[in-house]
Amino acid sequence: MQRAAPAPALGDAVAHQTETFAEGLRLDCGTLLRPLKVAYRTYGRLNESRSNAILICHALTGDQYVAERHPVTGKPGWWEIMVGPGRPIDTNRFFVICANVLGGCMGSSGPPSEMTDAEGRPQGRPWGTAFPPVTIRDMVRAQAMLIERLGIPKLFSVIGGSMGGMQVLEWAALFPGRVFSAIPIATAAWHSAQNIAFHEIGRQAIHADPNFHGGEYWRHGTIPARGLAVARMTAHITYLSEQALARKFGRRLRTGPMLTFDNDLFEVESYLQHQGSTFVQRFDANSYLTITRAMDFFDLAAEHGGSLGEAFRATPVRFCVISFSSDWLFPTAMSREIVRALNAAAANVSFVEITSDKGHDAFLLDEPDLFRTVSGFLKGAAERWSRG
Ligand SMILES: CC(=O)SCCNC(=O)CCNC(=O)[C@H](O)C(C)(C)COP(=O)(O)OP(=O)(O)OC[C@H]1O[C@@H](n2cnc3c(N)ncnc32)[C@H](O)[C@@H]1OP(=O)(O)O
Ligand SMILES: N[C@@H](CCO)C(=O)O
């Protein structure tokens, strides 16, 4: 495997746009995280009536840089295809907000940020593995504090894919009066056993890296690049599909056919190694452990006495649930569970399964049906909203 370049001092190397909440946030685990920092970006303009705000919730390794060049990688924003002037989420019309999740590594409070004591006093070291466990609900509460600080009484829409979709569902369940519409994409109301199992492989790979040092790698001036890269490689396979891999690489060899056991023999191996080594340049291993755990513990039904319908009881929120036919990580059946629960709550819900062979990450790619569905739903919802 190629040696990964050392990661920049994540989170601190770049000056992020951040709101600080001195009062902190009481987490589901009972810890008061104080102060709370939420790094975010906005696109477009908030209208006078403050009625055009859309919150985008990012997935596991995303961040707030949705529609602009990424300050660490220099690559385009992760959803520029969806968000921008004239795009399905049109920033000529909507005020778009995206915050780095709690536990992340791009400026919000998380393992790489400076540890504080119970009184909020800085401790002169990163949290590392001492960062308290967070839940999807904690992430949403932190976002809600930001939205309040920005003076937005009600979001026109909350939109997100994968873990972003989990946050969308949590927003609707926790703050039904503060959300007009919701678009959960390629997601589920609870993390499946298979998905937890895949996450565990990644976590074990990180733990097994000698440069991990029990999570105190910052103390040793190392990063567990190999472990984190293997975690990403495993995860990346789950974001694609057999058809996508066959189309991209098939059984193509990088070199001529020969009987060796060298690394990098097949194109698909080289591709995965590239995905792993570029990932470690932009992501923190302790954040990866924290956020994968948050996903694993997500179970919206369990939060509501075992009934998903209860999570949405009497909800006024309008939902558009979207899945992809080739997504085996968050399969359409999981979206149907959400739709069934919304139906049981007599909620206003539409559901679209988009035919695609690109797998789970289809939501990040050029999928005209996805763009049509999102822009069509937002148009319809805006008409409803303006009628009051
Ligand atoms: C909702 C959120 O918050 S998501 C935010 C997190 N962001 C991501 O996960 C994005 C990272 N993931 C990806 O890029 C995923 O691969 C996808 C599926 C979304 C992108 O798919 P595609 O656009 O089809 O790109 P593809 O999977 O082909 O990967 C292209 C990369 O692989 C490299 N590559 C392609 N073939 C090979 C090969 N044989 N050997 C080595 N590298 C290769 C390309 O050079 C390119 O590298 P670069 O990204 O550094 O420029
Ligand atoms: N590939 C995206 C989606 C995963 O669910 C990410 O890394 O966040």
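## A cis bond at P35

P35 sits in the loop between β3 (32–33) and β4 (36–43). The model is predicted, and in it the peptide bond from R34 to P35 is cis. Omega there is near -5 degrees.

## S162: an unusual angle and a ligand contact

A second loop holds S162. This loop runs between β11 (155–161) and α2 (163–174). Phi of S162 is near 60 degrees. That is a positive value, in a residue other than glycine.

S162 also belongs to the surroundings of ligand 2. One of its polar side-chain atoms lies 2.6 Å from an oxygen atom of that ligand.

## Ligand 2 and its shell

Which residues surround ligand 2? One stretch is A59, L60, T61 and G62. S162, R232 and Y239 join them. H360, D361, F363 and L364 complete the set. By class, the shell has five nonpolar, four polar and two charged residues.

Besides S162, other side chains make polar contacts here. In R232, a side-chain N or O atom is 2.8 Å from an oxygen atom of ligand 2. For H360, the corresponding distance to an oxygen atom of the ligand is 3.0 Å. Taken alone, ligand 2 exposes 260 Å². The protein buries 95% of that area. The space that ligand 2 takes is the largest pocket.

## Ligand 1: the surroundings

How many residues surround ligand 1? There are 21 of them. The closest are K248, E267, S270, Y271 and H274. The shell divides into eight nonpolar, seven polar and six charged residues.

Three side chains can be picked out by their polar contacts. An N or O atom in the side chain of Y271 is 2.3 Å from an oxygen atom of ligand 1. For K75, the distance from a side-chain N or O atom to an oxygen atom of the ligand is 2.9 Å. R232 also reaches ligand 1, with a side-chain N or O atom 2.9 Å from an oxygen atom. On its own, ligand 1 has 1,000 Å² of accessible area, and the protein covers 67% of it.

## Ligand 1: pocket, helices and domains

Ligand 1 takes up space that is the largest pocket. Which elements give two or more residues to its shell? They are α5 (225–239) and α7 (267–279). The most comes from α7, with five residues.

Where does ligand 1 lie with respect to the domains? Domain 1 covers 18–191 + 300–386, and domain 2 covers 195–293. Both give residues to the shell, so ligand 1 lies between them.

## R232 and the two ligands

R232 appears in the contacts of each ligand. Its side chain has an N or O atom 2.9 Å from an oxygen atom of ligand 1. It also has one 2.8 Å from an oxygen atom of ligand 2. The space of ligand 1 is the largest pocket, and the space of ligand 2 is likewise given as the largest pocket.

Key. Residues are numbered from 1 along each chain as its sequence is written. Chains are lettered from A and ligands numbered from 1 in the order in which they are written. This is a predicted model: local features need pLDDT of at least 70, side-chain atom pairs count only at pLDDT 80 or more; totals for chains, interfaces and linings use all residues. Side-chain values use heavy atoms; hydrogens and water are left out. A residue is near a molecule or strand if one of its heavy atoms lies within 4 Å of it. A polar contact is a pair of N or O atoms within 3.5 Å; within protein, one must be able to donate a hydrogen and the other to accept it, and residues adjacent in sequence count only if both atoms are side-chain atoms. Accessible areas come from the Shrake-Rupley method with a 1.4 Å probe; for residues, only the protein chains shown count as cover. On a 1 Å grid over the protein atoms alone, a cavity is a set of points where a 1.4 Å probe fits but cannot get out, and a pocket is an open set with protein on both sides within 12 Å along at least five of seven lines; lining residues have an atom within 4 Å of a point. A molecule sits in a cavity or pocket if more than half of its atoms lie within 2 Å of its grid points. Helices (H or I, at least four residues) and strands (E, at least two) are DSSP runs, numbered from the N terminus. Ala, Val, Leu, Ile, Met, Phe, Trp, Tyr, Cys and Pro count as nonpolar, Asp, Glu, Lys and Arg as charged, and the others, Gly among them, as polar. Domain bounds come from an automatic or database domain assignment.
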